[in-house]
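This briefing goes through strand pairing, crossovers, a helix contact and a few single residues. Please read it alongside the sequence and the coordinates.

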Amino acid sequence: MMAISEKLIVALDVANLNYAYRLVGQLEDFVQTFKIGSQFFTSFGPAAIRMLLEKQKRIFLDLKFHDIPNTVACAAEAATELCVDMFNVHAAGGAAMMHAAAEAAKLKAEQLGVNKPLVLGVTVLTSIEEKQFQRDFETTRKLIDQVSYFAELAQRSGLDGVVASPREIDVIRKVCGGDFVIVTPSVRPVWAVKNNQRRVMTPAEAIERGANYIVVGRPIYASPNPKEAVVKIFQEIEKA
Ligand code: C5P
């Protein structure tokens, strides 16, 4: 079984490379996986990712690719070449695009003799609530049905799992089974503010419900004491 510390992914959504290095240094004994998102990648690029890999850290490259299948396949190859452990694409890009990403990662990994990264689908962003979803997408469909449909489509298209709100874990497990990887952002420790996350749960609740990984950003990197924040999260999970 996976240790609790392996289940936590810390989002490095920071604008300062020195701060990122310091943060990783402070957390490296506790945290194995860091998430690199669009802000970090746009500012600091692949070189910063290599720095994390040199520290034997695992990387979730959260760039949420969404483009024509050929372009996304090329991006998937590039992510595999970088040796990240997971990356994601928007399920809204469709089955052909997701399939192209999964195949490209598999072939590239075989070619290089490296592990294939997990390829994850983003269902509906966890910052979006039901009313906003129905208004913005001009639909009467329930958000949970959209999430469930996208998760099933992602699985059928060869993806390894999805990124979803913890509230959606039960439904996704029912549709996609126990082996499908579920990564849940939108978790907030009991002591933290929600920020602009909407469909939230605590880390302990998310893991109890069956999340394989939880992603936590602001409650850790914006904390005056990030190490203490991580330890408190582990304690909260263990207590549950
Ligand atoms: O700071 P916070 O804990 O809200 O960070 C959550 C992280 O997870 C952010 O980097 C955000 O981009 C990411 N994420 C998300 N919802 C998704 C996919 C990724 O919040 N559906």
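A residue counts as buried when its relative accessible area is under 20%, as exposed when the value is over 50%, and as partly exposed in between. K57, at 9% relative accessibility, is therefore buried. The model is predicted, and the points below are grouped by strand, helix pair and residue.

**Strand β1**
- Strand β1 spans residues 8–11, and both of its faces are covered.
- L8 and V10 lie on one side of β1 and I9 and A11 on the other, all of them buried.
- In general, side chains in a regular strand alternate between the two faces of the sheet.
- β1 pairs with strand β8 (residues 213–216) in the parallel sense, over three bridges.
- Within that pairing, I9 is placed opposite V215 of β8.
- β1 also runs parallel to strand β2 (residues 33–37), to which three bridges join it.
- Opposite V10 stands F34 of β2, and opposite I9 stands T33 of β2.
- Together with helix α2 (residues 17–27), β1 and β2 form a right-handed β-α-β unit.

**Strand β2**
- All five of the five residues in β2 are buried, so the strand is described as mostly covered.
- T33, K35 and G37 point one way from β2, while F34 and I36 point the other way.
- β2 and β3 are parallel and share five bridges.
- I36 of β2 has L61 of β3 opposite.
- From β2 the chain passes through α3 to β3 in a right-handed β-α-β crossover.

**Strands β6, β7 and β8**
- Strand β7 (residues 181–184) is covered on both faces.
- On one side of β7 are V181 and V183, on the other I182 and T184, and all four positions are buried.
- Strand β6 (residues 161–163) runs parallel to β7, and three bridges join the two.
- V162 has I182 of β7 as its bridge partner.
- β6, helix α8 (residues 169–176) and β7 make up a β-α-β unit of right-handed sense.
- β7 and β8 are likewise parallel, joined by two bridges.
- T184 of β7 is opposite I214 of β8.
- A right-handed β-α-β unit is formed by β7, helix α9 (residues 203–209) and β8.

**Helix pair α2 and α3**
- The axes of α2 and helix α3 (residues 38–54) come within 11 Å of each other and cross at roughly 40°.
- This crossing of α2 and α3 is right-handed.
- On the α2 side the contact is made by L17, A20, Y21 and V24, and on the α3 side by F40, F44, A48, M51 and L52.
- Counted by class, the contact has nine nonpolar residues, no polar ones and no charged ones.

**K57**
- K57 sits in the loop between α3 and β3 (58–65).
- Which residues does K57 touch, not counting those up to four places away in sequence? They are E28, V31, Q32, F34 and L52.
- The C-alpha atoms of K57 and E28 are separated by 8.0 Å, with the two residues 29 apart along the chain.

**T80**
- T80 is part of helix α4 (residues 69–81).
- With a relative accessible area of 1%, T80 is buried.
- Apart from its neighbours within four places in sequence, T80 is in contact with F87, A105, K108, A109, L112, V114 and P117.

**Positive phi at K64 and S186**
- Most residues other than glycine have a negative phi.
- K64 belongs to strand β3 and has a positive phi, near 45°.
- The relative accessible area of K64 is 27%, so K64 is partly exposed.
- S186 also has a positive phi, near 60°, and is a residue other than glycine.
- S186 is placed in the loop between β7 and α9.
- Is S186 buried or exposed? S186 is buried, because its relative accessible area is 1%.

Terms used:
Residues are numbered from 1 along each chain as its sequence is written. This is a predicted model: local features need pLDDT of at least 70, side-chain atom pairs count only at pLDDT 80 or more; totals for chains, interfaces and linings use all residues. Side-chain values use heavy atoms; hydrogens and water are left out. Buried means under 20% relative accessible area, exposed over 50%, partly exposed in between (1.4 Å probe, protein chains only). Two strands pair if DSSP finds at least two bridges between them. A crossover is right-handed if, with the strands pointing away from the viewer, the path from the first strand over the helix to the second runs clockwise. Axes are lines fitted to C-alpha atoms, for helices over the stretch in contact, and angles run from 0 to 180 degrees between N-to-C directions. A crossing is left-handed if the near helix is turned anticlockwise from the far one by less than a right angle, and right-handed if clockwise. Contact means heavy atoms within 4.5 Å. Ala, Val, Leu, Ile, Met, Phe, Trp, Tyr, Cys and Pro count as nonpolar, Asp, Glu, Lys and Arg as charged, and the others, Gly among them, as polar.
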